[in-house]
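Please open the model in a viewer and keep the sequence at hand. The tour below proceeds by selection, with a short account of what is found at each stop.

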Amino acid sequence: MTRVQLEAVLAELGPVAVAVSGGVDSLTLATLAHRLAPHATLVVHAVSPAVPGEATVRVRAEAAREGWDLRVIEAGEFADPAYRANPVNRCFFCKTNLYGAIRSVTERQILSGANRDDLGEYRPGLDAAREHGVRHPYVEAGLDKAAVRALARDLGLGNVAELPSAPCLSSRVETGIPIEPETLGFIHAVERLVGGALDAETGAKRAVRCRVRAEGVVVELDAGSLAALDPKSREKLGAGIREIAPPRLAGLVRFAPYRVGSAFLTGASPS
């Protein structure tokens, strides 16, 4: 795959609306699309309790830097009981609401930042994309995650290129446990607390995931961070987590190795 192939895919699409979450994939796609055809590129960012505030700040900053035509909208998924029930295909309902919200503000071709690596994972959101006619330029041009990061660096987006994977906060909640804004706010606070304690801002590859499970709260860390966390530090962090937890989550807190998708009962969906 070359950048030329991706640019060829984008060139034949006409006016587009790029769905941007604030992660490396969508930010890089929006940057390239806009540089190629600024007057034909609309960038759409959806806010919701499942989207960390810093992601929105990042999108706005890139929009100001690049001169994007940015539209910030409400995702609307929390008005959908099917989404909030958190079934195993929750992402289908999330993306259905997202693409419906985007379609309500534009008739342009909607683009997503899905890449080839996503095709090998359980991604019910791709079914919603298919139903809404969403195109995936990275997939069409053959880019995987590593190629997207390389493209970001090639475009001068050094900080974006090194962003760790950061799926929506709802991906941390075990299948079948209802999705509530209060729970997502807690998850985000825990990840910031633990990440700060581990000096996460200097380690782009560091993994910190706060999982909400039926058994309690599980904080998953990459192998190096977990090994470096001594018993005293674990006890201190656990106490801090319980202090900010909603009453129903203020019990068991444990630390474990990071595993992709481990909040899902199927063990198949990425998070």
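A residue is called buried when its relative accessible area is under 20%. This term recurs throughout the tour of what is a predicted model.

**First stop: the cysteines.** Select Cys94. Its relative accessibility is 19%, so Cys94 counts as buried. The closest cysteine sulfur belongs to Cys168, at 5.4 Å from that of Cys94. A disulfide requires two cysteine sulfur atoms within 2.5 Å, so this separation is too far for a bond. Now select Cys210, which is buried with a relative accessible area of 0%. For Cys210 the closest cysteine sulfur is again in Cys168, 14 Å away, and this too is too far for a bond. The structure as a whole holds zero disulfides.

**Second stop: the sheet.** Display the strands as a cartoon. Four of them form an open sheet, in the order β3-β2-β1-β4, with parallel pairing. At the edges are β3, residues 69–74, and β4, residues 109–111, each of which pairs on one side only. From one strand to the next, the twist averages 30°. Strands of a sheet pair through backbone hydrogen bonds. To examine one pairing, select β2, residues 41–47, which runs parallel to β3 and is joined to it by six bridges. Within this pairing, Leu42 has Asp69 of β3 as its bridge partner.

**Third stop: helix α2.** Select residues 24–36, the helix α2, and find Thr28 within it. Is Thr28 buried or exposed? Thr28 is buried, its relative accessible area being 0%. A polar atom of the Thr28 side chain lies 2.7 Å from the backbone oxygen of Val24. Beyond its neighbours within four places in sequence, Thr28 is in contact with residues including Tyr138, Val148, Leu151 and Val160.

**Fourth stop: the nonpolar cores.** Which residues touch the most other members of the largest nonpolar core? They are Leu6, Leu10 and Val18, in a core of 29 residues. Among the elements that give two or more residues to this core are α1 (3–11), β1 (16–19) and α3 (53–66). Helix α2 gives the most, with six residues. Select Leu10 next: not counting residues up to four places away in sequence, Leu10 touches Leu29, Leu32, Ala33, Leu36, Leu111 and Pro137.

Apart from this core lies another, of 28 residues. To locate this other core, select Val194, Leu221 and Phe255, which are among its members, together with Cys94 from the first stop.

Methods:
Residues numbered from 1 in each chain as written. Predicted model: local features only at pLDDT ≥ 70, side-chain atom pairs only at ≥ 80, totals over all residues. Heavy atoms only, no water. Buried < 20%, exposed > 50% of the residue type's maximum accessible area, 1.4 Å probe, protein only. Pairing = 2+ DSSP bridges. Helix = DSSP H or I, 4+ residues; strand = E, 2+ residues; numbered from the N terminus. Axes fitted to C-alpha atoms, helices over the stretch in contact; angles between N-to-C directions. Polar contact = N/O pair within 3.5 Å; in protein donor to acceptor, adjacent residues only side chain to side chain. Contact = heavy atoms within 4.5 Å. Core = buried A, V, L, I, M, F, W, Y, C linked by side-chain atoms within 4.5 Å.
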